[in-house]
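Colleague: Please take a close look at one part of this model for me. I would like the salt bridges and their surroundings.

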Amino acid sequence: GKSPFGTIRERVYKEKGHHLVILKRDPIFWSVLEKIYHLAYHGVNCTAISTYVNGLSVMKENNQSLSEDTIEKILRNKIYCGIQI
């Protein structure tokens, strides 16, 4: 499947051909993810967060946008608690 926003998948190979997939920070979009959580922490609603992040140059340069529904899903996704540095 697709990696959660702001993350990339990396395969870590183990013995006998088996591998483990871990998520790491995406160097392009991780800063956007940090801004989303910062704004939400300070009480900004998902609509306003969406408007703000979609106006960021990194989003425009990479032809990306996040709807308010996607912002809400990001904020509810527990996967972000265990991302590798």
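Modeller: What follows covers the salt bridges, then one loop residue.
This is a predicted model, in which local features need pLDDT of at least 70, side-chain atom pairs count only at pLDDT 80 or more, and totals for chains, interfaces and linings use all residues. Residues are numbered from 1 along each chain as its sequence is written, and side-chain values use heavy atoms, with hydrogens and water left out.

A search of the whole structure finds 2 salt bridges. The term means a side-chain nitrogen of Lys or Arg within 4 Å of a carboxyl oxygen of Asp or Glu.

Start with helix 4, residues 68-76, which holds Arg 76. Helices (H or I, at least four residues) and strands (E, at least two) are DSSP runs, numbered from the N terminus. Arg 76 pairs with Glu 72 in a salt bridge at 3.1 Å, N to O. The two are 4 residues apart in helix 4, so about one helical turn separates them. Arg 76 is exposed at 63% relative accessibility. Glu 72 is partly exposed at 33%. Here buried means under 20% relative accessible area, exposed over 50%, and partly exposed in between (1.4 Å probe, protein chains only).

The other pair is Glu 10 and Lys 24, at 3.7 Å, N to O. Glu 10 sits in strand 1 (7-13) and Lys 24 in strand 2 (19-25), so the bridge ties together parts 14 residues apart in sequence. Glu 10 is partly exposed at 33%. Lys 24 is partly exposed at 25%.

Now the loop. Asn 63 lies between helix 3 (57-61) and helix 4. Its phi is near 50°, a positive value in a residue other than glycine. Asn 63 is exposed, at 71% relative accessibility.
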